[in-house]
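Student: Before accepting the labels attached to a model, I would like to see each of them set against its definition. Could we go through them in that way?

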Amino acid sequence: MYLELALPAGADGEAEVERLISLGATRTGIGGGDGVRVLMLDPDGNEFSVQRSR
């Protein structure tokens with residue numbers, strides 16, 4: 001299973017990523033160079049992405 005979290009228009013993407021990190025997620029450090037998607041891992045090591053609206 002792979003989750004893609006889509007943020008609503010106007011949402012602060014960086015603030016949401018930081019919130020997820022405070023809950024135990026980590027950035028993968030790969031991909032996401034397009035400025036729209038951030039690849040992350042949940043506390044159990046499962047990969048997911050956070051997509052900002054364009």
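Student: Why is E14 called partly exposed?

Tutor: The relative accessible area of E14 is 35%, and the scale, computed with a 1.4 Å probe and protein chains only, calls a residue buried under 20%, exposed over 50% and partly exposed in between. E14 therefore belongs to the partly exposed class. This is a predicted model, in which local features need pLDDT of at least 70 and side-chain atom pairs count only at pLDDT 80 or more, while totals for chains, interfaces and linings use all residues. Residues are numbered from 1 along each chain as its sequence is written, and side-chain values use heavy atoms, with hydrogens and water left out.

Student: How do you know that R27 and E14 form a salt bridge?

Tutor: The closest N and O atoms of R27 and E14 are 2.5 Å apart, and a salt bridge requires a side-chain nitrogen of Lys or Arg within 4 Å of a carboxyl oxygen of Asp or Glu; the pair therefore qualifies. R27 lies in strand β2 and E14 in helix α1 (residues 13–22), so this salt bridge ties together parts that are 13 residues apart in sequence. Both element names rest on DSSP runs numbered from the N terminus, with helices being H or I over at least four residues and strands E over at least two. R27 itself, at a relative accessible area of 39%, is partly exposed.

Student: What makes R52 a partner of E14 as well?

Tutor: Here the closest N and O atoms are 3.2 Å apart, and R52 and E14 form a salt bridge too. R52 lies in the segment after β4 and E14 in helix α1, so parts that are 38 residues apart in sequence are tied together. With a relative accessible area of 23%, R52 counts as partly exposed.

Student: Which salt bridge has both of its residues in helix α1, three residues apart?

Tutor: E16 and R19 both lie there, at a separation of about one turn of the helix, and their side chains meet at 2.7 Å, N to O. E16 has a relative accessible area of 22% and R19 one of 42%, which places both in the partly exposed class. Elsewhere, E14, E18, R27 and R52 are joined into one network by salt bridges that share partners; the whole structure holds four salt bridges.

Student: How do you know that β2 and β3 are paired?

Tutor: Pairing is assigned when DSSP finds at least two bridges between two strands, and β2 (residues 26–27) and β3 (residues 37–41) have two, in the antiparallel sense. R27 has M40 as its bridge partner in β3. Five bridges join β3 to β4 (residues 47–51), again antiparallel, whereas the four bridges between β1 and β4 are parallel.

Student: Why are β1 and β2 said to stand at the edges?

Tutor: The open sheet has four strands in the order β1-β4-β3-β2, with mixed pairing. β1 and β2 each have a single partner strand, so one side of each is left without a neighbour in the sheet.

Student: What makes S49 a buried residue?

Tutor: S49 has a relative accessible area of 0%, so its class is buried. S49 is in strand β4, opposite L39. Its side chain makes a polar contact with that of Y2 at 3.3 Å, where the rule asks for N or O atoms within 3.5 Å, within protein one able to donate a hydrogen and the other to accept it, and counts residues adjacent in sequence only if both atoms are side-chain atoms. Beyond four places in sequence, S49 is in contact (heavy atoms within 4.5 Å) with residues including E4, L5, R37 and V38.

Student: Why is M1, by contrast, called exposed?

Tutor: The relative accessible area of M1 is 95%, so M1 is exposed. M1 sits in the segment before β1 (3–6), and M1, L3 and L5 make a nonpolar surface patch of about 380 Å². A patch takes residues with over 30% relative accessible area and no salt bridge, nonpolar side chains (Val, Leu, Ile, Met, Phe, Trp, Tyr) being joined within 5 Å and like charges within 9 Å. Of the 54 residues of the protein, 22% count as buried.

Conventions: Accessible areas come from the Shrake-Rupley method with a 1.4 Å probe; for residues, only the protein chains shown count as cover.
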